[in-house]
Amino acid sequence: MSLKPLSLGKANLEEYSATLIELAEKNSNILAVTSDSRGSGKLVSYAEKYPEQIVEVGIAEQNLVGVAAGLASTGKSIFATSPACFLATRSLEQVKNDVAYSNQPVALIGISAGVSYGALGTTHHSLHDIAALRAFHNIDIVVPADNFETREVIKFAAQSDKPIFIKFGKKKMPHLPRLEEKFEIGKASVVCEGTDVAFIACGETVAPAYEAARLLEEKGISSEVISMHTISPLDEATILRVADKCKAIVTIEEHSVHGGLGEACAATLMQNGKAIPFKIMAIPYEDTVAGSQEEIFSHYGISGEGLKDKALELLKL
Amino acid sequence: MKKYSDIELKLKSVKYRKALLKYIKLANAGHTGGDLSCTDILNVLYNDVMNVSPENFKDENRDRYIQSKGHAVEALYVVLADQGFFPESDLETMCQYKSKYVGHPTRKVKGIEFNTGALGHGLPISAGIALAAKKDKAPYRVFTMLGDGELAEGSNWEAAMMASHYKLDNLVAILDHNTLQITGRNKDVCSPHPIDAKFEAFGWRVVSVDGNDINELRRVLNEIPAETGRPTFIIANTVKGKGVSYMEDVKKWHHGVPSDDEYKQAIQNWMHRKLIY
């Protein structure tokens, strides 16, 4: 066996707050802006350590993003932190106009993204954010898979002169292997290499893709697992590369099947004349089943077993 | 900053109104009524109050102006051109194919701080900038202008609450209160009244002025920060379509473009009038 089991790290949310504390230590220009969300954003320690570097606006997400844009326009390094479900919906017009169109380098941090809130239900799920934001010009979209990618993208955001939306969940995430221990915006990470099936995943679905790769390996099937952490700008070269070397592609995301990573990959393949067995594993267009994040994932086939079966189906094995 | 006399400023208002009408006519588009109602406010802000110019536009201590009622961009364009941010002749391309002078403020145009036009955005942005000034102990002030119909946008009230909480006395919101919006009178569409009591209850210092009176505007806009710890809300009572007799207080001129005859009539009116405006 070459694919080793993964060791568990902390939640990406925890890694975010730890990274922000480190950055704030050296950079007094960093400001977290919260909408009564310092607790859910794990920013309580940060706020205690740097009380001058947090701005609380109360439960008012439109104002959160407008104020964040105003602050950013004066040269401050802004991390507007709010549950992804509100940040990418309630304040969508502010994201579009005040941040993206006005080109203010705000880092929008969507916490407890996707179905992290599980059984709290659809009001608290964020399954549309990629679809909504990918259609805006001038905003990077990054969904880090593990602690390493989270740390790196937060460090990137602190010095970027461009708007960025970053989302992650609150569950402890395993440390992923990667061919190269580096992070570059717009350049996917190769978790492991293979030639039969390619799993192109983002965020908290990369780990189940890796588990599927391990299960397939037991059957002698080799899988390439890609962490497509940057959804915009999309690393089309990597998508085309795995289409050339593999016999099937499965995309996985904690997002609606509509308008997310899967459709972005499909469009890339089609427009480049690549026909390949292909399946989008995401949350279907239906009333999302009730349950924990893990139960919801498993219900929709986003698990090691589910993804393994989908790969076998595509490979007709 | 050059100190203008009242008469010089009144002449500038006439010049701005003529110019904005000219470019609206050329473009065959524009928010004529609201441009004309807020012209005097922009005139006084740029010529008598704010520390901002093409020379200091990158200076971090410049005063900021955010036009929340972005649709009145034609008035802003002619004032910015007069300040020397760009040649006025650029406005001949306004709203034309590939022109950067589009129908709402954009940072592609020199002198514009934020892209606005969707309503309810200027006050939160301005509160953010004013808060940055407080954090940096910087001397600059932030001015924003809202339309009265715009007060129905809930984001304004989120920002009003927060600006007061952070004691942003360097923040000034000016309401171009011409009482008309596209559907009709504010009070009939969805009444914002009482505006003064609402903002006072939110912790703001509220001042009412004749928003087409240069002298009054000079007085109230030059006393910022006026009261320690409180943001200022100026209810500028204006007339929609101000300065063009047939447009004044008539709702159809919200974004009406004058015909050739109407345009001539408006210009001739100014040529023959004494310094009323």
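**Figure 1. Buried residues of helix 8 of chain B.** In this predicted model, helix 8 of chain B (residues 214-221) has four named residues that are buried: Ile214(B), Leu217(B), Val220(B) and Leu221(B). These residues lie on the same side of helix 8 of chain B, because the arc they cover around the axis is only 140 degrees. Their cover includes two helices of chain B, helix 1 (6-27) and helix 2 (32-49), together with strand 6 (205-210) and strand 7 (232-237) of chain B.

**Figure 2. Strand 3 of chain B and its partner strands.** Strand 3 of chain B spans residues 171-177, and 7 of its 7 residues are buried, so the strand is largely enclosed by the rest of the structure. Leu171(B), Ala173(B), Leu175(B) and His177(B) lie on one side, with Val172(B), Ile174(B) and Asp176(B) on the other; both faces are covered. Strand 2 of chain B (residues 142-147) runs parallel to strand 3 of chain B and is joined to it by 6 bridges. Within this pairing, Thr144(B) has Ala173(B) as its bridge partner. Between these two strands the chain passes through helix 5 of chain B, in a β-α-β crossover that is right-handed. Strand 3 of chain B also pairs with strand 7 of chain B, in the parallel sense and over 6 bridges. Here Ala173(B) has Phe233(B) as its bridge partner.

**Figure 3. An open sheet in chain A.** The sheet consists of 5 strands in the order 9-11-10-13-14, with mixed pairing. Strand 9 (189-192) and strand 14 (278-283) of chain A each have a single partner strand, so each is left without a neighbour in the sheet on one side. From one strand to the next, the twist averages 20 degrees. Strand 9 of chain A is antiparallel to strand 11 of chain A (residues 223-227), and the two pair over 3 bridges. In this pair, Ser189(A) stands opposite Ser227(A) of strand 11 of chain A. Helix 10 of chain A (residues 261-271) packs on the sheet, where it touches strand 10 (197-201), strand 13 (248-256) and strand 14 of chain A. The direction of helix 10 of chain A makes about 145 degrees with that of strand 13 of chain A.

**Figure 4. Strand 10 of chain A within the sheet.** The 5 residues of strand 10 of chain A are buried, 5 of the 5, so the strand is largely enclosed by the rest of the structure. Val197(A), Phe199(A) and Ala201(A) point one way, whereas Ala198(A) and Ile200(A) point the other way. With strand 11 of chain A, strand 10 of chain A forms a parallel pair over 5 bridges. Ala198(A) has Glu224(A) of strand 11 of chain A as its bridge partner. These two strands, together with helix 8 of chain A (residues 206-218), make a right-handed β-α-β unit. Strand 10 of chain A also runs parallel to strand 13 of chain A, and 5 bridges join the two. In strand 13 of chain A, Val250(A) stands opposite Phe199(A).

**Figure 5. Contacts between chain A and chain B.** Contacts link 19 residues of chain B with 23 residues of chain A. On the side of chain B that touches chain A, helix 4 (122-135) and helix 5 (154-165) of chain B each supply at least two residues. Helix 4 of chain B gives the largest share of this side, 8 residues. By class, the side of chain B that touches chain A has 10 nonpolar, 5 polar and 4 charged residues.

**Figure 6. The surroundings of Gly66(A).** Gly66(A) lies in helix 3 of chain A (residues 61-72). This residue counts as buried because it has 33 C-beta neighbours inside 10 Å. Apart from neighbours within four places in sequence, Gly66(A) is in contact with Gln94(A) and Asp98(A), and also with His121(B), Pro124(B), Ile125(B), Gly128(B), Ser155(B) and Ala159(B).

**Figure 7. Backbone details in loops.** Most peptide bonds are trans, and most residues other than glycine have a negative phi. The bond joining Ser232(A) and Pro233(A) is cis, with omega about 0 degrees. Pro233(A) belongs to the loop between strand 12 (230-232) and helix 9 (236-245) of chain A. A cis peptide bond also runs from His193(B) to Pro194(B). Lys42(A) has a positive phi, near 55 degrees. Lys42(A) has 21 C-beta neighbours inside 10 Å and therefore counts as buried. Asn103(A) has a positive phi of about 50 degrees. With 18 C-beta neighbours inside 10 Å, Asn103(A) counts as partly exposed.

Definitions and conventions: Residues numbered from 1 in each chain as written. Chains lettered and ligands numbered in written order. Predicted model: local features only at pLDDT ≥ 70, side-chain atom pairs only at ≥ 80, totals over all residues. Pairing = 2+ DSSP bridges. Axes fitted to C-alpha atoms, helices over the stretch in contact; angles between N-to-C directions. Contact = placed C-beta atoms within 7 Å. Nonpolar A, V, L, I, M, F, W, Y, C, P; charged D, E, K, R; others polar. Buried ≥ 20, exposed ≤ 12 C-beta atoms within 10 Å, placed from the backbone. Arc of directions from axis to C-beta. Right-handed = clockwise from strand over helix to strand, strands pointing away.
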